[in-house]
Amino acid sequence: MAELKLTKTELRLQQIRLGQLQKYLPTLQLKKALLQIEVHHAQGEIEQLDRQLKFSHEKVEHYAALFSTREVRDLLQAVRVQELKKKYDNIAGIEIPILEHVIFAEPEYALFDTPVWLDAAVEGVKELVTIQQKREVAEEKKRLLEKDLREVSIRVNLFEKIMIPRAIANIKKIRIFLGDQQLAAVAQAKVSKQKILQKKEKGE
């Protein structure tokens with residue numbers, strides 16, 4: 001760290017710096033608060049999806065005992081994920097993924113060669129897979145928000161606990177030094193004036 005210059009120019013620079021820090025800090029604090037809310041919402045979303053996942057899993061389990069080897073193969077083929085359609089939303093300056101829908105591959109088995117309950121099982125597993133994918137995207141969203149929250153929190157702490165107090169302390173130190181210098185100059189001027197008066201009185 002550069003040595004502090006005890007000058008009027010440096011005092012002005014420190015005052016400008018302090019003003020900039022104090023002006024920008026509320027913006028950082030607001031962003032931190034927004035991110036904390038969004039992280040909380042993301043956690044709530046994950047918990048809700050977990051409940052949906054449990055319910056959907058229980059529904060699919062009802063069909064498990066009915067599956068033969070061939071039907072399991074047909075089922076897995078019918079619920080193969082082909083594409084995830086995502087969009088991105090800007091939250092507090094971060095691009096956040098949102099899952100719009102899951103596109104499944106077209107089934108290749110013949111509908112007439114399968115039991116009637118297989119269609120219901122396929123829909124149930126598709127629902128389960130969709131919820132799982134939504135949860136993964138929600139986890140990604142939460143990770144991105146938490147990462148940015150950590151970075152913003154570090155900057156807020158840096159401003160509040162180091163940079164602003166340091167600028168205030170520097171300003172105080174320079175003011176004290178300049179004040180002492182001014183007092184010393186005034187005292188020296190008084191002494192010089194007194195000496196001049198004394199010389200005049202002596203007729204020198």
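Strands β1 and β2 first. In this predicted model, β1 covers residues 81–91 and β2 covers residues 94–104, and the two pair in the antiparallel sense over ten bridges. They form a hairpin with two residues between them. One residue in that turn, A92, has a positive phi of about 55 degrees. Along the ladder, K86 in β1 stands opposite L99 in β2. Please keep L99 in mind; I will return to that residue.

Next, the helices, beginning with V39. This residue sits in α1, which runs from residue 8 to residue 64. Is V39 buried or exposed? Its relative accessible area is 12%, and the cut-off for buried is under 20%, so V39 counts as buried. What does V39 touch, beyond its neighbours within four places in sequence? The contacts are L145, E146 and L149. As for distance, V39 and K141 are 102 residues apart in sequence, yet their C-alpha atoms are 8.6 Å apart in space.

Now the cores. The largest nonpolar core has 23 residues, and L35, L145 and F159 touch the most other members. Elements giving two or more residues to this core are α1, β2 and α3, the last spanning 117–202. The largest share, eleven residues, comes from α3.

Take F159 from that list. Setting aside residues up to four places away in sequence, F159 touches L21, Y24, L25, L28, I164 and P165.

Apart from the largest core lies another one, of 17 residues. Its members include V60, L118 and V122, and also L99, the residue that stands opposite K86 in the hairpin.

How values were computed:
Residues are numbered from 1 along each chain as its sequence is written. This is a predicted model: local features need pLDDT of at least 70, side-chain atom pairs count only at pLDDT 80 or more; totals for chains, interfaces and linings use all residues. Side-chain values use heavy atoms; hydrogens and water are left out. Two strands pair if DSSP finds at least two bridges between them. Helices (H or I, at least four residues) and strands (E, at least two) are DSSP runs, numbered from the N terminus. Buried means under 20% relative accessible area, exposed over 50%, partly exposed in between (1.4 Å probe, protein chains only). Contact means heavy atoms within 4.5 Å. A nonpolar core is a set of buried Ala, Val, Leu, Ile, Met, Phe, Trp, Tyr and Cys residues joined through side-chain atoms within 4.5 Å.
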